[in-house]
Amino acid sequence: MKQMVMAGSLQIGGGAPVSVQSMTNTDTRDREKTLAQIKALALAGCDLVRVSVYDEECVKNVRYLSDLSPVPLCADIHFDYRLAIGAMENGIAKLRVNPGNIGSPENVRRVADCARAHRVPIRIGVNAGSLEKEILARDGGATAKGMCDSALRHARLLENAHFSDIVLSLKASDVRMTVDAYRMINQMCDYPLHVGVTEAGLPGMGTVKSAIGIGALLLDGIGD
């Protein structure tokens with residue numbers, strides 16, 4: 001059984017039912033349009049909604065959105081640890097960030113300390129299209145093993161900061177690589193797994209690819 005984390009009131013892992021997440025595609029700086037989309041996603045069956053937080057104006061809107069959202073929110077952060085801290089201090093329930101992309105170990109520790117204080121789990125999201133150069137060079141391109149190595153490398157940065165409320169995702173646009181990566185990482189750690197296929201394509205093709213990839217993993221009992 002995978003370890004358990006809490007995103008607000010939502011249990012992930014630890015034997016809990018598989019939760020459903022989607023994300024907004026609105027400009028988070030427009031808080032009314034973003035809130036309307038969050039509510040529509042919740043009405044469609046989402047248990048958790050991810051929003052992009054890419055500048056200070058987005059950070060300021062996190063409090064408003066978190067207070068009025070019917071479901072917990074996850075902040076998608078790239079590169080700037082200060083945005084991660086700001087989102088957590090404004091009520092975000094979950095964070096999506098890759099620790100290796102936010103600078104020094106001190107910055108990672110600041111994010112980990114804030115997440116611990118606010119009881120916010122962190123999802124490490126690895127994509128085949130943005131693996132570290134040395135892993136790509138070692139393997140001759142993106143591979144399932146390379147995705148696992150990248151995910152565990154990022155996780156170690158948080159572990160070194162004494163933080164373990166971690167969720168992992170390993171997504172590729174290739175369904176086979178995605179499934180292989182999740183099957184592999186499932187044997188390597190007890191962190192809850194967020195499953196999905198990235199850049200699956202337009203409606204139709206994207207739906208089929210996602211259904212095959214996610215469905216195959218759920219049938220294996222993989223995914224939280």
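**Entry 1: a buried isoleucine**

I began with I102, which counts as buried because its relative accessibility is 4%, and burial here means under 20% relative accessible area. I noted for myself that this is a predicted model, so that every entry below concerns a prediction. When I looked up where I102 sits, I found it in the loop between β6 (94–96) and α4 (105–118).

I then asked which residues I102 is in contact with, leaving aside its neighbours within four places in sequence. The list I wrote down is F79, D80, Y81, V97, N107, V108 and V111. For one of these, Y81, I also looked up the spacing of the backbone: the C-alpha atoms of I102 and Y81 are separated by 5.6 Å, although the two residues stand 21 residues apart along the chain.

**Entry 2: the cysteines**

Next I looked for disulfides and came to a count of zero. C58 is in no disulfide, and I noted that the nearest cysteine sulfur, which belongs to C74, is 14 Å away, whereas a disulfide would need the two sulfur atoms within 2.5 Å. I also checked whether C58 is buried or exposed, and with a relative accessible area of 0% C58 is buried.

I repeated the search for C114, which is likewise in no disulfide and for which the nearest cysteine sulfur is again that of C74, at 14 Å. C114 has a relative accessible area of 9%, and therefore I entered C114 as buried.

**Entry 3: the whole chain**

Turning to the protein as a whole, I recorded eight helices and eight strands. I wanted to know how the radius of gyration stands against that of a compact globule; for 224 residues such a globule would have a value near 17 Å, and the protein has 17 Å, so the two agree. Along the principal axes, the C-alpha atoms fill a box of roughly 45 × 40 × 30 Å.

I also looked at how the chain meets itself, and found that, of the contacts with a separation of 6 or more, 66% are accounted for by residues 24 or more positions apart.

**Entry 4: surface and charge**

Of the 224 residues, 50% count as buried, and I102, with its 4% relative accessibility, falls under that heading. The accessible surface of the protein comes to about 10,600 Å², and carbon and sulfur atoms hold 53% of that area.

Last, I looked up the charged side chains, which number 25 positive and 25 negative, and I noted that the centres of the two sets lie 1 Å apart.

Key
Residues numbered from 1 in each chain as written. Predicted model: local features only at pLDDT ≥ 70, side-chain atom pairs only at ≥ 80, totals over all residues. Heavy atoms only, no water. Helix = DSSP H or I, 4+ residues; strand = E, 2+ residues; numbered from the N terminus. Rg over C-alpha atoms; globule rule 2.2 N^0.38 Å. Buried < 20%, exposed > 50% of the residue type's maximum accessible area, 1.4 Å probe, protein only. Contact = heavy atoms within 4.5 Å. Areas by Shrake-Rupley, 256 points an atom, 1.4 Å probe, with all protein chains shown as cover. Lys, Arg positive; Asp, Glu negative; His and termini not counted. Charge placed at Lys NZ, Arg CZ, Asp CG, Glu CD.
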